[in-house]
Amino acid sequence: MNEAYLHPGAALRRLKTDVFGCVDLCNTGTAGDAPAVRRDTTAARWWARWLAVWLASREARALRALEGVAGVPRLLAWRDGVLLRTWIEGRPMQEARPADARYFRAARRLLRTLHRRGVAHNDLAKEPNWLVTAQGLPALVDYQLATVRRRPGRLFRSLAREDLRHLLKHKRTYCPDRLTPTDRQLLARRSWFSRVWIRAGKPVYLWVTRRWLGWADREGAGDRQL
Ligand SMILES: Nc1ncnc2c1ncn2[C@@H]1O[C@H](COP(=O)(O)OP(=O)(O)O)[C@@H](O)[C@H]1O
Ligand SMILES: [Mg+2]
């Protein structure tokens, strides 16, 4: 891999644009190299740049902690405001609509692996962050909000449970017949973190992301203009 990925000319397809910059599918610059995904915070609005860099650095940290996990992009580089990670061939959940119990079993295993490595994803309500690969298996992208802990405490366990609850909500949407009694119990039991979030955090988050940043409910599903 050479430095070509740093230049916008290497972009093959725009995956997303918002105030935090853009995400492109691009060439890594070496013949025969697989395409990669470039998050470019230098394209962020000037007032959002510091936040974009902080979010991308969180993603770099989480991807380092998850090195070698199947279904998670590999970090290729994080330098000069540009984060490069491997491309995983697949379709976002809202498009692929996985109705297969195998997908959800594998997704649960994937979440268990993340949590054992000390990473809670924290952004799994968004279907575009879930991919369905060509083999019908799950992959997870977008680790900007992830929490990385060496020694998981009470908060981490709550976040991990929220990750799982979001997965079960997707299962309820796409594969409701295969919800087990345990799944239903987990869905019904809201953690203290979730209760606080729904009352206090979520209204602010929705106001900021919809009114201020212009995100739609299924953000990331396609390209958006600034
Ligand atoms: N490594 C990847 N492999 C396949 N698709 C990806 C990959 N990274 C991102 N995408 C696609 O690009 C979209 C935007 O990337 P994402 O990291 O989620 O950006 P944002 O943090 O701005 O939401 C994703 O929702 C996904 O559909
Ligand atoms: Mg995303």
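In what follows, a donor of a metal is an N, O or S atom within 2.8 Å of it, and water is not among the atoms, so a site may look incomplete. The model is a predicted one, and with that in mind the magnesium ion, ligand 2, has as its protein donors Asn-129, through OD1, and Asp-142, through OD, at 2.2 to 2.3 Å from the ion. Asn-129 belongs to the loop between β7 (119–120) and β8 (130–133), while Asp-142 belongs to the loop between β9 (138–140) and β10 (147–148), so the pair ties together parts that are 13 residues apart in sequence. Since buried means under 20% relative accessible area, Asn-129 counts as buried at 4%, and Asp-142, at 11%, counts as buried too.

Asp-142 also leads to the other ligand, because besides serving as a donor of the magnesium ion, a polar atom of its side chain lies 2.9 Å from an oxygen atom of ligand 1. Two further polar contacts of ligand 1 can be followed from here: one of its oxygen atoms is 2.8 Å from an N or O atom in the side chain of Arg-39, and one of its nitrogen atoms is 2.7 Å from a polar backbone atom of Thr-86. Taken alone, ligand 1 exposes 540 Å², of which the protein buries 95%. The elements that give two or more residues to the shell around ligand 1 are β1 (11–18), β3 and β5. In total 18 residues surround ligand 1, and the closest are Lys-16, Arg-39, Arg-85, Thr-86 and Ile-88.

Strand β3, which spans residues 36–40, deserves a fuller description. It is mostly covered, with 5 of its 5 residues buried; Ala-36, Arg-38 and Asp-40 point one way from the strand, Val-37 and Arg-39 point the other way, and all of them are buried. Strand β3 pairs with strand β2 (residues 21–26) in the antiparallel sense over 5 bridges, and in this pairing Asp-24 stands opposite Arg-38. Strand β3 is also joined by 5 bridges to strand β5 (residues 82–86), and these two strands run antiparallel, with Asp-40 of β3 standing opposite Val-82 of β5.

Following the chain beyond β5, the reader comes to Glu-89, which is found in the loop between β5 and β6 (90–92). With a relative accessible area of 54%, Glu-89 is exposed, because that value is over 50%. The C-alpha atom of Glu-89 is separated by 8.5 Å from that of Val-132, although the two residues are 43 residues apart along the chain.

The loop between β7 and β8 holds not just Asn-129 but also His-121. His-121 counts as buried, at 0% relative accessibility, and a polar atom of its side chain lies 2.9 Å from the backbone oxygen of Val-141.

A last feature concerns aromatic rings, of which the structure holds 1 pair. The pair is formed by Tyr-103 and Phe-104, whose rings lie 5.2 Å apart centre to centre with 80° between the planes, an edge-to-face arrangement. Both partners are covered by the protein: Tyr-103 counts as buried at 1% relative accessibility, and Phe-104 is buried with a relative accessible area of 3%.

Notes: Residues numbered from 1 in each chain as written. Chains lettered and ligands numbered in written order. Predicted model: local features only at pLDDT ≥ 70, side-chain atom pairs only at ≥ 80, totals over all residues. Heavy atoms only, no water. Donors = N, O, S within 2.8 Å, 3.2 Å for Na, K, Ca; no water. Helix = DSSP H or I, 4+ residues; strand = E, 2+ residues; numbered from the N terminus. Buried < 20%, exposed > 50% of the residue type's maximum accessible area, 1.4 Å probe, protein only. Phe/Tyr/Trp six-rings, centres within 6.5 Å; stacked < 30°, edge-to-face > 60°. Pairing = 2+ DSSP bridges. Near = heavy atom within 4 Å. Polar contact = N/O pair within 3.5 Å; in protein donor to acceptor, adjacent residues only side chain to side chain. Areas by Shrake-Rupley, 256 points an atom, 1.4 Å probe, with all protein chains shown as cover.
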